[in-house]
Amino acid sequence: MAAALDGSPGPRWSGRSREAYEAVKWDDIARWRRLADLLRRAARAVEMGDPALVSEATDAIGLYGSLSTNSASGVWANDPHPADVRLRWSTMDAEAQRRAEVEFGPELADLPGIPLDVRDRLNRDELRHDEAAGHDVSAVRDAVGGPGSTWLLGYSRSAHDGDGTAVVGFGDVAGAENLAVLVPGVGTDLHDVRRGARQARAVQDAAGNGAAAVWWLGYDAPDGPSDGAMVTMSRAREGGTALVAELDALGRAREGVAGGRTVVVGHSYGSTTVASGLADGVPAGGAGRPDAVVLVGSPGAGSARVADDLRAREGVHVVKNDDDVVAMLGSGGRLPVPDVLGAPWGLGTDPASPGFGARVWVEPSRNGGGLAGLWEAHTSYFTPGTTSLGVIGDVVAGRSVSTEGSG
């Protein structure tokens with residue numbers, strides 16, 4: 001980790017992302033003048049009892065306290081909170097914002113709290129650049145070029161040794177009452193964005209009522225059976241940290257949505273990533289706290305021991321197919337992965353086990369036999385007409401689930 005100018009630890013970004021991070025610092029004089037004005041207006045709002053501005057006033061006052069006791073570089077020394085980044089970005093003038101966008105491009109979109117429209121614009125610019133350079137990014141282009149409103153909230157062709165990252169939104173991500181965030185699992189890379197788009201749109205349709213969806217491949221998913229990371233929690237915990245930052249950024253972008261809900265849906269190893277991130281890193285009352293969680297075809301709940309560890313306001317749901325071998329791998333499941341000479345193998349507790357405390361929904365078996373049938377049992381959860389997609393849609397929409405479950 002790089003060191004800040006005052007010798008304190010630097011942020012997790014490096015290279016141009018770090019430079020972008022530094023660029024978002026305020027000019028010292030303009031920063032203090034703008035913050036002073038913000039504090040004056042915030043103080044008046046508090047005096048008048050305006051509840052809509054009390055939260056912002058509290059953030060501003062807290063930020064003022066940190067600025068008054070730290071150097072500029074010290075304030076930015078550690079990983080930033082999205083609320084700080086959002087506040088700082090909002091107080092930069094238009095010219096300063098434009099200069100940062102032109103100079104740093106998509107690296108700026110790595111900062112939590114940068115507005116969604118800015119992230120979308122910067123990532124689309126990078127996508128066009130890669131297309132012009134002759135790279136095959138057609139899967140991403142097709143996903144964001146489809147019908148309706150789409151958002152490219154994250155994109156890197158070269159991340160994770162070429163597997164890439166993509167965060168694609170569908171519908172009114174910032175304003176829809178119900179938002180689903182889908183996290184895929186093993187073997188997913190940039191070439192799978194078309195499939196992710198189909199799944200996200202299927203969840204939108206199942207939920208109805210103008211629901212929005214975000215397909216989030218913002219982590220290094222294990223490559224497949226030959227990748228030893230597939231049976232350990234290391235990638236899930238790393239990815240979970242990034243997911244929580246994304247959920248916080250989305251939550252703050254949606255703070256003005258009356259009755260707004262966010263439901264996180266993790267499939268396969270993505271369910272382990274979701275459970276680990278939420279169990280490890282969501283502060284009580286944080287903007288990233290989900291309303292509900294759906295773990296689909298889950299090989300284990302990672303860091304979470306019980307459903308309450310995920311801090312979902314409305315609870316945790318598990319969707320599984322009894323022919324899905326992957327969903328049998330968690331501790332307490334039908335095919336638990338044993339410890340091998342004390343190595344940290346295995347992906348945690350089976351979230352469908354009775355002691356975990358989730359509501360469990362079972363997809364009726366459609367196994368036609370053989371390996372193809374077993375694979376279909378793990379990959380067909382988002383297929384229109386299935387019980388599983390109906391359950392996911394009901395949970396995203398906040399409806400009572402229309403099929404019988406247990407737990």
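Here is a short chat about the sheet, some helices and one loop residue of a predicted model.

Visitor: Hi! What should I know before we start?
Guide: This is a predicted model, where local features need pLDDT of at least 70, side-chain atom pairs count only at pLDDT 80 or more, and totals for chains, interfaces and linings use all residues. Residues are numbered from 1 along each chain as its sequence is written, and side-chain values use heavy atoms, leaving out hydrogens and water.

Visitor: Cool. What is the strand order in the open sheet?
Guide: The order is β1-β2-β4-β3-β5-β6-β7-β8, eight strands with mixed pairing. Strands here are DSSP runs of E with at least two residues, helices are runs of H or I with at least four, and both are numbered from the N terminus. Two strands pair if DSSP finds at least two bridges between them.

Visitor: And which are the edge strands?
Guide: Those are β1 (150-156) and β8 (359-363), each of which pairs on one side only. From one strand to the next, the twist averages 15 degrees.

Visitor: How many bridges join β7 to β8?
Guide: Five, and β7 (residues 316-321) runs parallel to β8. N321 has E363 of β8 as its bridge partner.

Visitor: Switching to helices: which strands does α13 lie across?
Guide: Helix α13 lies across β3, β5, β6, β7 and β8, at about 155 degrees to β5. Angles run from 0 to 180 degrees between N-to-C directions, and axes are lines fitted to C-alpha atoms, for helices over the stretch in contact.

Visitor: At what angle does α9 pack with α13?
Guide: Helix α9 (residues 193-207) and helix α13 (residues 387-397) pack at about 65 degrees, with their axes 7 Å apart. That makes α9 roughly perpendicular to α13 (under 35 degrees is roughly parallel, over 145 roughly antiparallel, 65 to 115 roughly perpendicular, the rest oblique).

Visitor: Which residues make that contact?
Guide: From α9 they are A202, V203, A206 and A207, and from α13 they are L389, I392, G393, V396 and A397. Contact means heavy atoms within 4.5 Å. Eight of the contact residues are nonpolar, one is polar and none is charged. Ala, Val, Leu, Ile, Met, Phe, Trp, Tyr, Cys and Pro count as nonpolar, Asp, Glu, Lys and Arg as charged, and the others, Gly among them, as polar.

Visitor: New topic! Where is H191?
Guide: H191 sits in the loop between β3 and α9.

Visitor: Is H191 buried or exposed?
Guide: H191 is exposed, with a relative accessible area of 51% (buried means under 20%, exposed over 50%, partly exposed in between, with a 1.4 Å probe and protein chains only). Not counting residues up to four places away in sequence, H191 touches D136 and A139.
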